[in-house]
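Modeller: Got the model open? Let's go through the labels and check each one against its cut-off.

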Amino acid sequence: MGIGSIVRRAAACACIASGMAMIGHADAAEKHKIFLSMSFIGNDWQAEAANMVKAMAAHKNYADKVDLQVQVAGPNAQRQIQQINAMVQAGAEAIVIFPISPTALNQVVKNACDKGVKVFAYDGEITEPCAYNIAIDQEEAGRVTAEWLVKKLNGKGNIIAITGVPGTSVDNLRTKAAKEVFAKHPDIKIVGEAVGMWSQAVARTELSKILATRNWDDINGLWMQVGCFTANSMQLEAGKKPEQLLPCAGEGSNGGRVQMLPAGTEAEGATSPYAPMGAPRISYASPPYSGALALKLAVDAIEGKDVRKKTVLPLPLVTNDTIKLCQEGTWQEMKDGCNAFKPSIVSNPGWFASIFSEKTPEIGLNAALVGQPEN
């Protein structure tokens, strides 16, 4: 082969390689660059919500059109502001965010919107008008659960209140609404209160501090944003029998839901305290699918579809009368009404069980557990 032929062939190969690189670049460019901005991740809910966002992005309907990048700010609004600025500079088309503060992010969010970036907040609220918000009615959650506890106690008794992550709209609204209910009943006394950070482990630490100066016999009920499973476990450790457990108004952790099942219910993998025992409960949840729905709606908004600025999700409420064990955890089974999972399926009792929505058929049990979408 002559030198000229070699040069021509090399040039042709280079041209082909260049063309392939351009095609690859075009494919990447066609994807919507979307960032997930997380805050505090030291609890089961945040990890599960992130799994569901990632699963939505990986679903066959979105994998070819979404380039998802994840950043964690921690419980620091200033750091989240800096990260949002960097996301905008990096070419974000949308930012899906769990906001640390409902107001502190307003200016940076407005700046992002002014540059054409769609900002979707899930669970927590952002008050800047250009932002989209997807959440339950947090005040309703606080009010309904407090009313249940007051009714359960016949309007009289000493209670413990364990709140969430300070500064978030979620914690502010729930706590405000609950305390307004308690204030209407002067014989209901909050004899212990602590910040629980939506963590079973933190709830245990804070309950232990409160119980250093009083015992379970001094308490008649609990209102806990997260921690009913732990509170029940601690009572059992202290020698109480399942039928002596105090009424607890709290979160939708699977451990707490399993404890709500009638004693003797067959639940594969169950072992005390992660076992059916008829624990008196009302269980509510901020559904961890809210972030995944925010991502789905963000894609719709980028593509020019009409998306409401505020999406209020139905509040999942489960009582001892409506608790229903999932046998396999399929999407259809959840659609048919099951709301708790066997310990053999969900080994972590702190994992949140309210994962079903008809609006998100792309994600189910595997999404919440390991970040894998439905087929």
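Modeller: First rule: two strands pair if DSSP finds at least two bridges between them. Strands are DSSP runs of E with at least two residues, helices are runs of H or I with at least four, and both are numbered from the N terminus. This is a predicted model, where local features need pLDDT of at least 70, side-chain atom pairs count only at pLDDT 80 or more, and totals for chains, interfaces and linings use all residues. Residues are numbered from 1 along each chain as its sequence is written, and side-chain values use heavy atoms, leaving out hydrogens and water.

Biologist: What does that give for the whole protein, in helices and strands?

Modeller: Twelve helices and 14 strands. The C-alpha atoms fill a box of roughly 95 × 45 × 35 Å along the principal axes.

Biologist: How do you know that S5 and S11 pair?

Modeller: DSSP has three bridges between S5 and S11, in the parallel sense. The rule asks for at least two, so the pair counts. One of the matches puts Asn 133 opposite its bridge partner in S11, Lys 310. S4 and S5 also run parallel, joined by three bridges, and Phe 120 has Tyr 132 as its partner in S5.

Biologist: Which sheet has those strands, and in what order?

Modeller: An open sheet of six strands, in the order S2-S1-S3-S4-S5-S11, with parallel pairing. What makes S2 (66-72) and S11 (310-312) edge strands is that each pairs on one side only. From one strand to the next, the twist averages 15°. Helix H2 (residues 44-58) packs on this sheet and touches S1, S2 and strand S4 (118-122), with its direction at about 165° to that of S2. Angles here run from 0 to 180 degrees between N-to-C directions, and axes are lines fitted to C-alpha atoms, for helices over the stretch in contact.

Biologist: What makes both faces of strand S5 count as covered?

Modeller: Tyr 132 and Ile 134 on one side, and Asn 133 and Ala 135 on the other, are all buried. Buried means under 20% relative accessible area, exposed means over 50%, and partly exposed lies in between, using a 1.4 Å probe and protein chains only. In a regular strand, side chains alternate between the two faces of the sheet. Across the protein, 55% of the 375 residues count as buried.

Biologist: Why is Pro 273 called partly exposed?

Modeller: Its relative accessible area is 27%, so Pro 273 falls in the middle class. Pro 273 sits in the loop between helix H9 (254-260) and strand S10 (281-284). Leaving aside residues up to four places away in sequence, Pro 273 touches Phe 229, Ser 233, Leu 236 and Gln 259; a contact needs heavy atoms within 4.5 Å.

Biologist: Why are H2 and H10 called roughly parallel?

Modeller: The axes of H2 and helix H10 (residues 290-302) come within 7 Å and cross at roughly 30°. Under 35 degrees counts as roughly parallel, over 145 as roughly antiparallel, 65 to 115 as roughly perpendicular, and the rest as oblique. H2 and H10 are therefore roughly parallel. On the H2 side the contact involves Trp 45, Met 52, Val 53, Met 56 and Ala 57, and on the H10 side Ser 290, Gly 291, Ala 292, Leu 295 and Lys 296. Those residues divide into seven nonpolar, two polar and one charged. Nonpolar here covers Ala, Val, Leu, Ile, Met, Phe, Trp, Tyr, Cys and Pro; charged covers Asp, Glu, Lys and Arg; the others, Gly among them, are polar.

Biologist: And what makes H7 oblique to H8?

Modeller: Helix H7 (residues 200-210) and helix H8 (residues 228-237) pack at about 50°, with axes 9 Å apart. That angle makes H7 oblique to H8. Gln 200, Arg 204, Leu 207 and Ser 208 in H7 meet Phe 229, Thr 230, Ala 231, Ser 233, Met 234 and Glu 237 in H8. By type, that contact splits into four nonpolar, four polar and two charged residues.

Biologist: How is the crossing of H7 past H8 classed, left-handed or right-handed?

Modeller: Right-handed. That is the name when the near helix is turned clockwise from the far one by less than a right angle, while anticlockwise would be left-handed.
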